[in-house]
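Let's take a walk through this protein together, starting from its interior and working outward. Keep the viewer open as you read, so that you can find each residue as it comes up.

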Amino acid sequence: MLPGKRGAGEAEAESGIGNVSVKKNRVESGSGSVVVGKDRELVMAPDSNADVAIDEDLHSRQLAVYGRETMRRLFGAHILISGLQGLGVEVAKNIILAGVKSVTLHDTGNVELWDLSAQFYLTEEDVGKNRALACVDKLKELNTAVDVTASTGEITEKMLSAHQVVVFTDIALDKAVEIDDFCHHHDPPIAFIKADIRGVFGSVFCDFGPSFTVTDVDGEEPYSGILASISNENPASVTCVDDERLECQDGDLVTFTEVHGMAELNDGRPRRIKGTRPFSFLLEEDTTEYGAYEKGGIVTQVKLPKVLRFQPLREALSNPGEFLLSDFAKFDRAPLLHLAFQALDAFRAEAGHFPAPASESDAAKLVDIAHRINEANSSEQKLDTIDNNIVKLLGSGSRAVLSPMAAMFGGIVGQEIVKACSGKFHPLYQFFYFDSVESLPAEPLTPEDVKPLNSRYDAQIAVFGSELQQMLQEANVFLVGAGALGCEFLKNLALMGVSCGPNGKLTVTDDDVIEKSNLSRQFLFRDWNIGQAKSTVASTAATAINSSFRAFALQNRVSPNTENVFDDAFWEGLDIVVNALDNVNARLYIDSRCVYFQKPLLESGTLGTKCNTQVVIPHLTENYGASRDPPEKQAPMCTVHSFPHNIDHCLTWARSEFEGLLEKTPAEANAFLSKPDEYKNAMTSAGDAQARELLERVVECLVTERCLTFEECISWARTKFEDYFANRVKQLTYTFPEDSTTSTGLPFWSAPKRFPEPLQFTSSDPSYLSFVAAAAILRATAYNVSIPSWALDARLLAAAVDRVKLSDFAPKQGVNIVTDDKATSVTSSSMDDESQIGQLIKTLDEGVKSLPHGFKMNPVTFEKDDDTNYHMDLIAGLANMRARNYSIPEVDKLKAKFIAGRIIPAIATTTAMATGLVCLELYKALLGHNVERYRNTFANLALPLFSMAEPVPPKAFSHRDLKWSIWDRWVITGDLTLKELLAWFEAKGLTAYSISCGQALLYNNIFPKHKDRLDKKVADLAKDVAKLDIPPNRRHLDLVVACEDDEGEDLDVPLVSICFR
């Protein structure tokens, strides 16, 4: 088993509860076989016969991206990284967090002060030491399951042969060609990656051998659809129900299952499709002689492997093929950079050094070399024109490795390593060039501007000049979030020198604490930090990277409730805001604050291998909230409760039942027990179906289904199985038999509905027994009942379950089962809700008399990230048994965790790349660039795909000679009356018909009584009507005004601020 991140000698705490042995709340079976638990899910390491368990608590977010097979292959991979400057250490960090078998850090050079611009594991004290040796111990801390070693000698063939992937981040071109030749022709081939960062320019080359198989080109789940019809034609027309769009493309292969009538399609053979549309396609097959389609059927995409044939670097240099583009505004940039990087290598070989920053003579030599190489190229590769300025810019900053570029390319290269090890996702094929010349100062730099100051920022100064460096150091920055994105941002900003001057300040806030699952991505945290505040630990770790970093940590959530903390003075003092959030509502609130206070906002987000970045600049771009993704489609209530047709529906129902049975109902029981009279009065006053249902659950919990022993918990669990998976299905199919029709005469059980079958319980089925075990243990936990050591012994548990006596069930007539897709509740009202509530209260009063004094329930709150608490065992059991009812494919516990736990897939590589892209925009924001130089980005490392575009300008409004956007605010000075405020609008040709302050309506012209307010001060109305508490130090209040123009048309006007003091 892979070692966890626990230090040597530490043991899991054990405690005794009755006759139970508990490790981290997990029952240990004394004998027999274990019926639930992660011990059943083992994978085999590729280079060993030993069983290797995946630590799902640690790697859950990464598993959601890669899956077990890819993780298994990663666990057996040996990686060599040569060159431990900024890019090399970024790559090492990302793959060590991912969990490979071993990483060899190779570097023959010594630390220079220059390296500290991007190498976060080096300090001033390391200058003069070997780079690999100086950082190896810190990299080991990231994941103790990875064998991390340092090498300081020359690269040998023996060393190369010991690794599956080799990465070189600072190597001469001729040497790279020599090494790649060896790797390409090695048996088996060794994946070779060459990556370089030269100022704001970067390049990557990949060679994974003469024949490399990609098992999954995009990482997306194969799409599937429920069939509605298939024609007997050539080609056949296939239509699916409009439940969910088919993400299919012409040429895809699909298979068919469960087709009634046209059974010829159920043979499992992949078939090609064309003419694809959102809910239909043409099948390239003649079905005229097939049976007529009757009903049912599922179509599923088949994903086939893809074989790539890489060229060695020697051949690819002169025949590079298509370049991977990042910015379509620079369509012709990649061929130029392909030439320029070769020229730079030739310059370095001839001169023995990089071109000096802002050196005209060195720039001229580099340009000459570029032209010379171009003239020698074949006609196919020869460029018609060369942009000499781009070549000069490359040369000027070529010695510098910048932190944002290292973060971005560290993510890209790290992901390519994963692809090379696993075959998961499409590799970069084969060259990628990138530049961010838009980040550079608008005016050319002089030798004086880039003169080194003998500081850790000299590399950055060589690219941007000392003036921008001063601006960075004196910046007042607000970083919202200290999770995965936040840790990467803090590292980048510390290396860049942001807020490192005497007047600089960075405030980072996060109200969350560190959990084990964070450690696979949030690299500033260690296992001994679990339970501590993220912002405090992260800011302390970032200060260790740069001791001058002035980071101040808070644990407040930024929201309307904390505007006393993040007050006007706080926002007004900021230079820029950086979001590192994981939910849309928080982003929208920060966006609204940035719009109000006119502050630039740098926004980013990740989802698995995908990321997006957005730049929000006052008056130049639209704000974050100007465009929103459509809401996620929710399954109708009746589908989830009675007519599921996919595993997501089953898991949604399972989590709802879990929370209802084990958290909400016990909490409701405690609410009654704490204040019984108040609770009963509230239920009586309500007198509705909801109150009745709540009381029914409390009565069940405390009276009719109360458990005193573990045997009673087993009986309850077994009864629940029968109720959920047998009796309810029998009632459903009694109410709606298989041949039922709708009011229009159509079959009731038509797609997407699936006709269910009741389950017949048997204790010999491990999945049935696992369900009962998990349900009984959690029921016992809710009642504080001792759990015996035999609870997980399959033989003893089965015997106890078989002793449970069940009542006979007979379906009832007249049962109302909700079938309306628009219904929001499955609870129906009745005429006698009030009388039933009265009877329930009597039953409750009588039943609780037997409760021990001070009795309280123990509500079980769902926690997805603790694999020892049986929560996911029960939810997966509930979902899979329900899936079995409806013949829906079942899922393992890990997949169930992803769906029911709503786990957002996340990996370190994507996070690093996103923050690097954002920090390149930070340079621009502080320099005050025009909008054409900013870039919003969408990227998908799986494909790989990069799509960069200029930000969209804000929507403009106008009226007469007035022009405004969301960034504008109309400020009116004076302690105005309401009548004076209306007159101010009238003077501009606008009729203000409604004025609001906060949630309160101060004035609307349709209400006659509001005319009485016309002579009152607006500030007084805000205090009296809106109950606005205006602090003594605040001089203004804000109003939302609805206006009509001269023609009576509504017009969106800016926020209005009244400066009344």
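The paragraphs below go from the nonpolar cores to the annotated positions, then to the salt bridges and a patch on the surface. Please keep in mind that this is a predicted model.

A good place to begin is the largest nonpolar core, which has 180 residues. Within this core, Ile79, Leu139 and Ile417 touch the most other members. Which helix gives the most to this core? That is helix H27, running over residues 908–927, with eleven residues contributed. To get a feel for the packing, try centring your view on Leu139. Setting aside neighbours within four places in sequence, Leu139 is in contact with Val89, Ala92, Lys93, Ile96, Leu105, Tyr121 and Val148. There is also a second, separate core, made of 82 residues, and among them are Leu759, Val785, Ala791 and Leu840.

Next, let's turn to a position that comes with an annotation. In an unreviewed entry, UniProt lists Cys638 under "active site". You will find Cys638 in helix H17, which covers residues 637–642. Is Cys638 buried or exposed in this model? With a relative accessible area of 3%, Cys638 is buried, because the limit for that label is under 20%. Residues up to four places away in sequence aside, Cys638 touches Phe643, Val818, Thr819, Asp820 and Asp821.

From here, move on to Trp653, which sits in helix H18 (residues 647–674). Trp653 is buried too, its relative accessible area being 2%. Not counting neighbours within four places in sequence, the residues in contact with Trp653 are Val640, His641, Tyr724, Phe725, Leu878 and Arg882. Two of these contacts, Val640 and His641, fall within the residue range of helix H17, 637–642. For a sense of distance, Trp653 and Arg728 are 75 residues apart along the chain, and their C-alpha atoms are separated by 14 Å. For another pair, pick Ser592, in helix H16 (residues 584–597). Ser592 is partly exposed, with a relative accessible area of 34%. Ser592 and Pro636 are 44 residues apart in sequence, and from C-alpha to C-alpha they are 33 Å apart in space.

Now for the charged side chains. Side chains of opposite charge can pair when their charged atoms come close. In this model the count comes to 60 salt bridges. One of them joins Asp865 and Arg61, with 2.6 Å from N to O. Why does this pair tie together parts that are 804 residues apart in sequence? Asp865 lies in the loop between helix H24 (833–847) and helix H25 (871–885), while Arg61 is in helix H1 (residues 56–75), so the bridge links those two places. Both partners, Asp865 and Arg61, are buried.

Helix H24 takes part in another pairing. Lys680 and Asp845 meet in a salt bridge with an N to O distance of 2.9 Å. Because Lys680 lies in helix H19 (residues 676–686) and Asp845 in helix H24, this pair ties together parts that are 165 residues apart in sequence. Lys680 counts as buried at 14% relative accessibility, whereas Asp845 is partly exposed at 28%.

The loop between H24 and H25 also holds Asp867, and Lys893 lies in helix H26 (residues 893–900), so their pair ties together parts that are 26 residues apart in sequence. The closest N and O atoms of the Asp867 and Lys893 salt bridge are 3.5 Å apart. Asp867 is buried, with a relative accessible area of 3%, and Lys893 counts as buried at 9%. Salt bridges can also be joined up: Asp327, Lys330, Arg333, Asp435, Glu438 and Arg935 are linked in a network.

Arg935 from that network falls within a stretch with a label of its own. For residues 934–1056, UniProt lists "domain: Ubiquitin-activating enzyme E1 C-terminal" in an unreviewed entry. This span is 13% helix and 38% strand, and its end C-alpha atoms lie 30 Å apart. To finish on the surface, look for Phe938, Leu943 and Leu945, which make a nonpolar patch of about 220 Å². Leu943 is found in the loop between strand S27 (936–940) and strand S28 (945–949), and is partly exposed with a relative accessible area of 34%.

Methods
Residues are numbered from 1 along each chain as its sequence is written. This is a predicted model: local features need pLDDT of at least 70, side-chain atom pairs count only at pLDDT 80 or more; totals for chains, interfaces and linings use all residues. Side-chain values use heavy atoms; hydrogens and water are left out. A nonpolar core is a set of buried Ala, Val, Leu, Ile, Met, Phe, Trp, Tyr and Cys residues joined through side-chain atoms within 4.5 Å. Buried means under 20% relative accessible area, exposed over 50%, partly exposed in between (1.4 Å probe, protein chains only). Helices (H or I, at least four residues) and strands (E, at least two) are DSSP runs, numbered from the N terminus. Contact means heavy atoms within 4.5 Å. UniProt positions are given in the numbering used here, feature names are shortened, and annotations may be inferred rather than shown by experiment. Patches are made of residues with over 30% relative accessible area and no salt bridge: like charges are joined within 9 Å, nonpolar side chains (Val, Leu, Ile, Met, Phe, Trp, Tyr) within 5 Å. Accessible areas come from the Shrake-Rupley method with a 1.4 Å probe; for residues, only the protein chains shown count as cover. A salt bridge is a side-chain nitrogen of Lys or Arg within 4 Å of a carboxyl oxygen of Asp or Glu.
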